[in-house]
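Trainee: I've got a new structure on my screen and I'd like to talk it through. Can we take a look together?

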Protein chains: 6
Amino acid sequence: MQASSKEPQYLKSEADAASKSLIASQFLKTRSNLNQIVNNADNNFVKRFYNLDHNSYMEGSLTAQTKELMGLSVSAALRCDDCINYHIIQSWRLGATKLQQEESINIALIIGGSIVIPHLRRAYALLAELYSDPQ
Amino acid sequence: MQASSKEPQYLKSEADAASKSLIASQFLKTRSNLNQIVNNADNNFVKRFYNLDHNSYMEGSLTAQTKELMGLSVSAALRCDDCINYHIIQSWRLGATKLQQEESINIALIIGGSIVIPHLRRAYALLAELYSDPQ
Amino acid sequence: MQASSKEPQYLKSEADAASKSLIASQFLKTRSNLNQIVNNADNNFVKRFYNLDHNSYMEGSLTAQTKELMGLSVSAALRCDDCINYHIIQSWRLGATKLQQEESINIALIIGGSIVIPHLRRAYALLAELYSDPQ
Amino acid sequence: MQASSKEPQYLKSEADAASKSLIASQFLKTRSNLNQIVNNADNNFVKRFYNLDHNSYMEGSLTAQTKELMGLSVSAALRCDDCINYHIIQSWRLGATKLQQEESINIALIIGGSIVIPHLRRAYALLAELYSDPQ
Amino acid sequence: MQASSKEPQYLKSEADAASKSLIASQFLKTRSNLNQIVNNADNNFVKRFYNLDHNSYMEGSLTAQTKELMGLSVSAALRCDDCINYHIIQSWRLGATKLQQEESINIALIIGGSIVIPHLRRAYALLAELYSDPQ
Amino acid sequence: MQASSKEPQYLKSEADAASKSLIASQFLKTRSNLNQIVNNADNNFVKRFYNLDHNSYMEGSLTAQTKELMGLSVSAALRCDDCINYHIIQSWRLGATKLQQEESINIALIIGGSIVIPHLRRAYALLAELYSDPQ
């Protein structure tokens, strides 16, 4: 069968996330700065891995939104704060609700146990900012 | 917000899985035998954990099918064969396609790396049996 | 058999820990702030998990002190700084000696390997403050 | 402070465990056969690590029994069946009750999550045999 | 900088490994059978990942032998028996000595801790067969 | 066979690393301060483990440089920033090239998956400083 290959349609940009949330803004800026250093090193293998990574979350038999929420759940279970932040922002950009994000983290919590809780706490801080009502 | 609480509607039973697949049959039998031993021990905390675990996969803001596929992806990333088998069977019972199962494992593969491959191989053996054409 | 259900008798409070140790004080404050955000989200499943987590460390066939030291050992082996801090403070509140805490971390060190050492270093910084002689 | 250094007083031998439980018997035999192969290789570093590992579970500020139960909890959280079997047998030899063993596994279950369950099931099968009433 | 891209020169074949060692023979056969099932599923993403995985171990700034021994060390630290078997066989095919293989496992042992020992034992059983004197 | 026991010949000192790289300087200072606290606690078991850890990276059947690069790869796969920093500095002190360090991280990336990427980014920031041209 064919792997997915269609770029998702984002409802919002990374800049939207950064302007809505200070946590998102700081995360995205640090990530961008470090990725620039990685790009400068120009390692072919890393580029190929990044490319394959990007392709994992395309529209396919599962929607891009579902894949990003799945990425969130796996990242929370593996306890990677940067990965959690990234997939929360991506899911938000693709229109996932706050409750869908919480339920994805709950799957990680039950499978991964209380060791997930410190990461859950920080995830909820980002969710609170991204889904806050406009003032 | 309220956590999900509605039991999913299964399209097929565990017995259907066992009659379709030898791998499923052996897995379900061993799991049932061992769960009987756990039940006999009658440890209250374990019972409460099992109950909470069961509740994690109810219909909610995400469908039960999506949650089972998410459970598959997390289980593959955490490299737990029994958990992988369980969530593949549950997803199959809820009508997930073979490609949806493969894409869930792909998320685990890119996030978790080549260390996932031995488990992916065994997962594909179960998928091949469950989704084989009737003869 | 019955799971444990009796609240432990703490010899000291979280406030005592915070006044004795700057590391404890900062950890407890950040944890409290983030838990407030989690509480505000009011997710039923998370509440149930927190409740079950709380019940895990009750007096039982093992004392609450032993369970907290065990929680420390598991947390160190799983390399979770926040969890290590929490169980060190709880064990201190229940009267564990510094050497008992060190021996619990040693079990994590031998089972988990040198990858535990960065967390052991930070744990010892907290232990040094909590068990320092009054001036 | 001084690390522990006193050998524990075992109430029962490995042979007692093997005669009480088929699971224990098979585990101990396979382990012994493989350790013979490791011994034949005569790698100095491995010998030194084995020696340090042995010293971790001596009587100290924590009793040897508590350390073995702690080893069980860490092993269950890290999901290592051989390690779980070993520490269950050691704890049994040192007089731990079945409920103490269950509570040690419960700490691993809440911290490590449902991914621990397949290992918990197999642990309970060994516990059932070791703690069965004589006929 | 450019990633490595040159195929290594193997001194021995997989068939040589299988004829020298029963453990290798059984591992390679099971692996081949399961890979056939994966190939039949024809998932594009899995194929691309397998291809990238293959490219990771080409001759480069580090020799292919060093990379395979490094793969052995990482696999032992991550506790993946199939991966350990694979990299031991690959390192053997590229002319690594038994002691080089042992030292690679020792790095995993000190970093990963005693939880690595059950896998070390099984690794030594394969090493004993592959490096046995001809009779 | 005999384990390795010869101290490596460093081409550069830790002070050299600290004067070349701000990241290295801050890491080494924090590490030194925390190790002082660990030393003050004077726990015999920890001392013995530190000693064994030190011996793991001596010249042997594999060179000390290869062992440090292997330590880097394992540390990246196990996602330990402090361990990654340490082994990058050690490999640099022993004359490893930037590309050799990158290829060691690539082994961790393919085996450990995208969850390694946040650590890879930070590793590349340290590599960029250590291997920058003098001005």
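Trainee: Which elements does chain A run through from the N terminus on?

Mentor: Keep in mind that this is a predicted model. Chain A has seven helices and zero strands. Read from the N terminus on, its elements go α-α-α-α-α-α-α.

Trainee: What radius of gyration does chain A have?

Mentor: Start with the spread of the C-alpha trace, about 40 × 35 × 30 Å along the principal axes of chain A. A compact globule with 135 residues would have a radius of gyration near 14 Å, and the value for chain A agrees with that. For chain A it is 15 Å.

Trainee: How much of chain A is made up of buried residues?

Mentor: Buried here means that 20 or more other C-beta atoms lie within 10 Å of a residue's own. Of the 135 residues in chain A, the buried share is 53%.

Trainee: Now the contacts between chains. Which helix supplies the largest share of the side of chain C that touches chain D?

Mentor: In this pairing, 28 residues of chain C are in contact with 27 residues of chain D. Helices H3 (44-55), H4 (64-77) and H6 (98-112) of chain C each give at least two residues to that side. By class, the side has 12 nonpolar, 12 polar and four charged residues. The largest share, 10 residues, comes from H6(C).

Trainee: And which helix gives the largest share of the side of chain D that touches chain B?

Mentor: There, 11 residues of chain D are in contact with 14 residues of chain B. Helix H6 (98-112) and helix H7 (117-130) of chain D each supply at least two residues of that side of chain D. Sorted by class, it has six nonpolar, two polar and three charged residues. The largest share is six residues, from H7(D).

Trainee: What kind of axis relates chains C and D?

Mentor: Chain C can be laid on chain D by a turn of 180° and a shift of 0.0 Å along the axis, with an RMSD of 0.0 Å. The two copies are therefore related as by a two-fold rotation axis.

Trainee: Which residue of chain C comes closest to that rotation axis?

Mentor: The same surface serves both copies, as 96% of the contact residues of chain C recur in chain D. As for the axis, the C-alpha of the closest residue of chain C lies at 2.5 Å, and that residue is Val74(C).

Trainee: How many residues of H4(C) are buried?

Mentor: H4(C) has 14 residues and reaches 20 Å from its first C-alpha to its last, close to the 20 Å expected. Right after H4(C) comes Arg79(C), with a positive phi near 60°. The helix H4(C) itself is mostly covered, and its buried count is 13 of 14.

Trainee: Where does Arg79(A) sit?

Mentor: Most residues other than glycine have a negative phi. Arg79(A) has a positive one, near 60°. It is also buried, with 20 other C-beta atoms within 10 Å. Its place in chain A is the loop between helix H4 (64-77) and helix H5 (81-93).

Trainee: Last one: which residues of chain A does Ala77(B) touch?

Mentor: Ala77(B) is among the residues that touch the most other members of the largest nonpolar core, which has 251 residues. Leaving out residues up to four places away in sequence, Ala77(B) touches Ala108(B), Ile111(B), Gly112(B) and Val116(B) in chain B. From chain A, Ala77(B) touches Val74(A), Ala77(A) and Leu78(A).

Terms used
Residues numbered from 1 in each chain as written. Chains lettered and ligands numbered in written order. Predicted model: local features only at pLDDT ≥ 70, side-chain atom pairs only at ≥ 80, totals over all residues. Contact = placed C-beta atoms within 7 Å. Helix = DSSP H or I, 4+ residues; strand = E, 2+ residues; numbered from the N terminus. Nonpolar A, V, L, I, M, F, W, Y, C, P; charged D, E, K, R; others polar. Least-squares fit on C-alpha atoms with pLDDT ≥ 70 in both. Expected span 1.5 Å × (residues − 1). Buried ≥ 20, exposed ≤ 12 C-beta atoms within 10 Å, placed from the backbone. Core = buried A, V, L, I, M, F, W, Y, C linked by C-beta atoms within 7 Å. Rg over C-alpha atoms; globule rule 2.2 N^0.38 Å.
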